[in-house]
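Please open the model in your viewer and keep the selection box at hand, since each stop on this tour begins with something to select.

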Amino acid sequence: MSAEGRPDIWPDALRFAAEPAPGRLALALRALRHPRRLLPILLARLSGRRLRAAQRFIALAGAHHHLRWPADLVPSPEPPAALAAAGIACVAPDAEGAIRIAPDGQPIVLLSTDGQQVVAGASAVIAAAFTDPDLHALYGDALYRRGPRGPWLPLLRPAFDRDYLRSVDYLGPVIAFRRASLVGAAPIAGAAPLDLALGVAERFGSTAVRHLPRILSLGHFEGEGGGREERRHARLRAVERDLDRAGEGGTPVLLERGGVIRLDRSLPEPRPLVSLIVPTRDRLDLLRPCIESLRHRTDWPAKEILICDNGSCDLATLAYFRTLEEQDAARIVACPGPFNFAAINNRVAAQARGRLLAFINNDVEAEAPDWLERMVREALRPEIGAVGARLIDGEGRIQHGGIVLGTGGLATHGHRHFAGDAAGYLGALRATRRVSAVTAACLVIEANKFVRAGGFDTSAFAIDFNDVDLCLRLNALGLHTLYVGGAVLHHRESASRRPSPEAAARHRREVEAFKKRWGPLLAQDPHYHPGFDPDLSTYLRLRRGWTGLEPAALR
């Protein structure tokens with residue numbers, strides 16, 4: 001069902017389209033509940049600072065997708081003769097959803113379905129891309145709508161991510177393959193594009209499947225109907241087959257809410273020790289709920305809690321410390337001196353006994369008891385570095401859904417201010433997927449990988465950007481950063497910090513240091529689409545003037 005209680009006819013990856021955006025009146029009423037916060041927004045608007053006013057209004061009233069494609073910008077379809085002339089043969093599934101690909105024919109095979117068409121000019125673009133001998137599969141972006149007269153919805157896809165694709169099928173149904181790469185393939189009926197793409201990635205490497213950030217197709221659908229469960233089971237079989245190919249056969253493959261697939265990767269016995277590291281200075285009102293949630297709402301049998309005490313002096317806080325130590329519930333590690341988040345975490349991490357480190361802010365509380373188990377399953381993978389979670393703020397909205405580089409001028413938390421239970425664009429909030437970085441408000445990593453990367457940078461990023469910097473250094477080592485949407489916690493962001501002129505000056509220095517070190521990466525996050533507006537939140541609206549038909553490079 002949709003958020004309004006209507007039957008949800010959208011495919012699983014497009015469930016975000018079933019989440020209604022409130023009208024202007026509803027948004028105005030939300031804003032009026034906070035008159036003190038509304039006045040600065042009005043003043044910013046009247047003074048011409050429209051972007052700042054819009055950003056503050058979203059923070060006040062919540063974020064929602066505004067992605068309808070203008071009808072006058074919908075491209076015309078490609079004539080069939082153009083496809084043939086470019087060496088492209090279209091293949092559609094039969095009545096049972098099966099696809100059969102002959103060994104001989106045009107060198108490029110384009111999978112499609114009823115109701116889907118390639119846009120004008122796409123044939124030449126696809127053919128040109130396949131002049132690269134290392135390219136074996138290509139997908140682009142699409143315009144999609146329900147029925148022949150519904151509003152157009154842009155589907156702006158991420159770069160190829162095998163973890164994401166196993167979790168949510170964001171590719172189909174239009175995708176091009178090199179015919180020679182599919183010889184002998186017998187794709188699973190009902191999930192052929194997914195099955196073939198995963199197979200190509202296993203056989204030729206993930207870089208053999210590329211994304212072209214350009215509108216290549218448009219089409220409509222009549223609703224999922226009774227075929228949704230069949231398609232979901234076909235996806236499950238495709239993922240199981242891919243795990244078999246990758247040497248992970250037997251991994252439980254589970255279907256979760258909204259059609260998201262979860263992989264329950266095996267865990268060693270006995271369970272490895274996880275060191276939960278929590279910096280604090282007093283603020284017992286925040287710390288106690290955090291620690292008690294780690295003790296009693298975290299289903300992980302082997303954990304130690306280390307509280308990094310940065311000069312607490314409140315008597316109630318000190319009494320709580322004594323109680324925890326008497327109960328052998330936590331270790332209190334003295335970390336005196338000026339607050340340096342990076343240095344404090346590094347110092348305590350060096351004293352931790354765990355195979356894994358979990359950095360937790362003192363204003364974070366566990367919600368789903370399996371959050372740590374979900375994150376540890378991923379963090380133990382040899383190719384994974386930092387692992388982050390879905391964090392919900394005090395108003396029940398998304399505080400963190402992965403970090404997107406180059407947005408908001410520097411970096412932004414993905415889906416910030418969207419509803420806490422939202423599916424996310426292309427299922428991104430519920431999926432397990434690669435991201436450029438995650439917040440250290442809740443970050444899990446194997447201790448040896450943390451040491452290998454050199455830990456947090458204590459000199460350049462004492463307070464801000466140390467988590468993003470760590471993730472980018474891990475990425476550079478080939479250790480990918482992963483967001484796990486099924487790991488859910490609450491975060492009252494910066495509730496334990498106080499603004500000051502000194503803090504503002506320090507923040508400016510760290511901004512400049514971050515730009516100097518990682519400037520080229522800030523031009524475009526590889527996991528985020530360039531068609532989105534880079535200034536106003538994320539996944540909210542399209543970049544002004546972007547038509548989806550501009551020349552684009554494969555990624």
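The tour below goes from a patch on the surface to the cavities inside, and then to some backbone details.

**Stop 1: a surface patch**

Bear in mind throughout that what you are looking at is a predicted model. Begin by selecting Leu-39, Leu-42, Leu-43 and Leu-46, which together make a nonpolar surface patch of about 440 Å². Now keep Leu-46 alone in the selection, and you will find that it lies in helix α2, which covers residues 35-46. Is Leu-46 buried or exposed? Its relative accessibility is 74%, and because the limit for calling a residue exposed is over 50%, Leu-46 counts as exposed.

**Stop 2: the largest cavity**

Next, turn to the interior, where the structure holds 5 cavities of 30 Å³ or more. The largest cavity has a volume of about 170 Å³, and to find it you can select Ile-261, Arg-262, Leu-263, Glu-378 and Thr-432, which of its 17 lining residues lie nearest its centre. If you then colour the elements that give two or more residues to this lining, you will be colouring α6 (162-167), β9 (261-263), α12 (371-379) and β21 (480-491). Sorted by class, the lining of the largest cavity has 10 charged residues, together with 4 nonpolar and 3 polar ones.

**Stop 3: the second largest cavity**

Now select Pro-158, Tyr-164, His-527, Tyr-528 and Tyr-539, which lie nearest the centre of the second largest cavity among the 16 residues that line it. The volume of this second largest cavity is about 120 Å³. How many nonpolar, polar and charged residues does its lining have? The lining of the second largest cavity has 10 nonpolar, 2 polar and 4 charged residues.

**Stop 4: backbone details**

Select Glu-269 and Pro-270 and look at the peptide bond that runs from the former to the latter, which is cis, with omega near -5°. Pro-270 is found in the loop between β9 and β10, the latter being residues 274-280.

Move on to His-415, in the loop between β18 (411-413) and β19 (432-435). Its phi is near 60°, a positive value in a residue other than glycine. His-415 counts as buried because its relative accessibility is 0%, and buried means under 20%.

Finally, select Ser-537, which lies in the segment after α15 (501-518). Although Ser-537 is not a glycine, it has a positive phi of about 55°, and at 13% relative accessibility it counts as buried.

Methods:
Residues are numbered from 1 along each chain as its sequence is written. This is a predicted model: local features need pLDDT of at least 70, side-chain atom pairs count only at pLDDT 80 or more; totals for chains, interfaces and linings use all residues. Side-chain values use heavy atoms; hydrogens and water are left out. Patches are made of residues with over 30% relative accessible area and no salt bridge: like charges are joined within 9 Å, nonpolar side chains (Val, Leu, Ile, Met, Phe, Trp, Tyr) within 5 Å. Accessible areas come from the Shrake-Rupley method with a 1.4 Å probe; for residues, only the protein chains shown count as cover. A salt bridge is a side-chain nitrogen of Lys or Arg within 4 Å of a carboxyl oxygen of Asp or Glu. Helices (H or I, at least four residues) and strands (E, at least two) are DSSP runs, numbered from the N terminus. Buried means under 20% relative accessible area, exposed over 50%, partly exposed in between (1.4 Å probe, protein chains only). On a 1 Å grid over the protein atoms alone, a cavity is a set of points where a 1.4 Å probe fits but cannot get out, and a pocket is an open set with protein on both sides within 12 Å along at least five of seven lines; lining residues have an atom within 4 Å of a point. Grid points are joined across faces, edges and corners, and a volume is the space filled by probe spheres set on the points. Ala, Val, Leu, Ile, Met, Phe, Trp, Tyr, Cys and Pro count as nonpolar, Asp, Glu, Lys and Arg as charged, and the others, Gly among them, as polar.
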